[in-house]
Amino acid sequence: MQNLHRPEEMMVMDYCGVEFTAVESAGGSWKWQLSILDTDKMRTSGQATSRAAAIMKAHEAIGEGLRTNASPDHEAQLSKLVRDVLHILHGARSLPPAEAIQALRPFVNTMHRRASENDRLADASAAAVGALVQRLEDKGVATDDLWEEAIEASLSFANEASYPG
């Protein structure tokens with residue numbers, strides 16, 4: 001007698017920076033699961049009747065989680081973070097490069113980890129401060145233009161964060 005059982009088909013995908021899997025079970029239904037650590041703050045798995053439905057449900061769960069976690073507290077933290085980096089930028093020129101890098105690195109890391117929010121000013125600030133840190137790491141010194149670009153981009157972002165539309 002032939003074994004008609006086919007192996008499970010698993011697909012690993014990414015949506016908005018969140019990895020998830022969709023697995024076809026032996027009965028033809030599909031299970032989806034998000035690959036996240038903080039499972040108590042959002043729906044992380046479910047079942048669907050088709051591959052397309054499983055992907056759609058995973059996308060919906062990711063969207064709900066991102067909206068839930070983008071609370072006003074997040075906005076307040078971001079506003080404080082950019083005010084802090086401005087304060088650091090204004091005083092960091094007088095610091096040795098290693099200390100300036102150490103002071104600016106948390107901002108760069110946080111901005112690169114945040115969910116993409118299509119915020120041009122936030123992205124410009126992160127890119128400018130990141131370029132400054134990269135130059136300090138590579139050369140041990142940065143031009144006045146790099147410092148000014150980081151300050152101006154972060155100031156624009158700070159103004160937007162303080163007075164959102």
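Is Arg93 buried, partly exposed or exposed? At 38% relative accessibility, Arg93 counts as partly exposed. I start there because Arg93, in the loop between α2 and α3, is paired with Asp144 in helix α5, and that pair ties together parts 51 residues apart in sequence.

A word on confidence before the details. This is a predicted model. The protein chain has an average pLDDT of 79, with 80% of the residues scoring at least 70. Confidence is highest in α4, at 92, and lowest in strand β1, residues 9–15, where the mean is 73.

Now the salt bridges. The whole structure has three of them. In one, the side chains of Arg93 and Asp144 come together at 3.5 Å, N to O. Asp144 counts as exposed, since its relative accessibility is 53% and the cut-off for exposed is over 50%.

Arg93 also meets the side chain of Glu148, here at 2.6 Å, N to O. Glu148 is again in helix α5, and this pair spans 55 residues of the chain. Glu148 has 33% relative accessibility and counts as partly exposed. Taken together, Arg93, Asp144 and Glu148 form a salt-bridge network.

The remaining pair is Glu137 with Arg105, at 2.4 Å, N to O. Glu137 sits in helix α4 and Arg105 in helix α3, so to speak a link between distant parts of the chain, 32 residues apart. Both ends are partly exposed: Glu137 has a relative accessible area of 37%, and Arg105 is at 25% relative accessibility.

On to the interior. Which residues touch the most other members of the largest nonpolar core? They are Leu89, Met111, Val129, Leu132 and Trp147, out of 28 residues in that core. Four helices each give two or more residues to it: α2 (72–92), α3 (97–113), α4 (120–139) and α5 (144–162).

Take Leu132 as an example. Setting aside neighbours within four places in sequence, Leu132 is in contact with Leu89, Leu104, Ala142, Leu146, Trp147 and Ala150. Two of the names on that list, Leu89 and Trp147, also appear among the core residues that touch the most other members.

There is also a second core, separate from this one, with 15 residues. Its members include Val18, Phe20, Leu34 and Ile55.

To recap, one network joins Arg93 to Asp144 and Glu148, the Glu137 and Arg105 pair links α4 to α3, and the largest nonpolar core draws on α2, α3, α4 and α5.

Methods. Residues numbered from 1 in each chain as written. Heavy atoms only, no water. Core = buried A, V, L, I, M, F, W, Y, C linked by side-chain atoms within 4.5 Å. Buried < 20%, exposed > 50% of the residue type's maximum accessible area, 1.4 Å probe, protein only. Contact = heavy atoms within 4.5 Å. pLDDT = per-residue confidence, 0-100. Salt bridge = Lys/Arg side-chain N within 4 Å of Asp/Glu carboxyl O.
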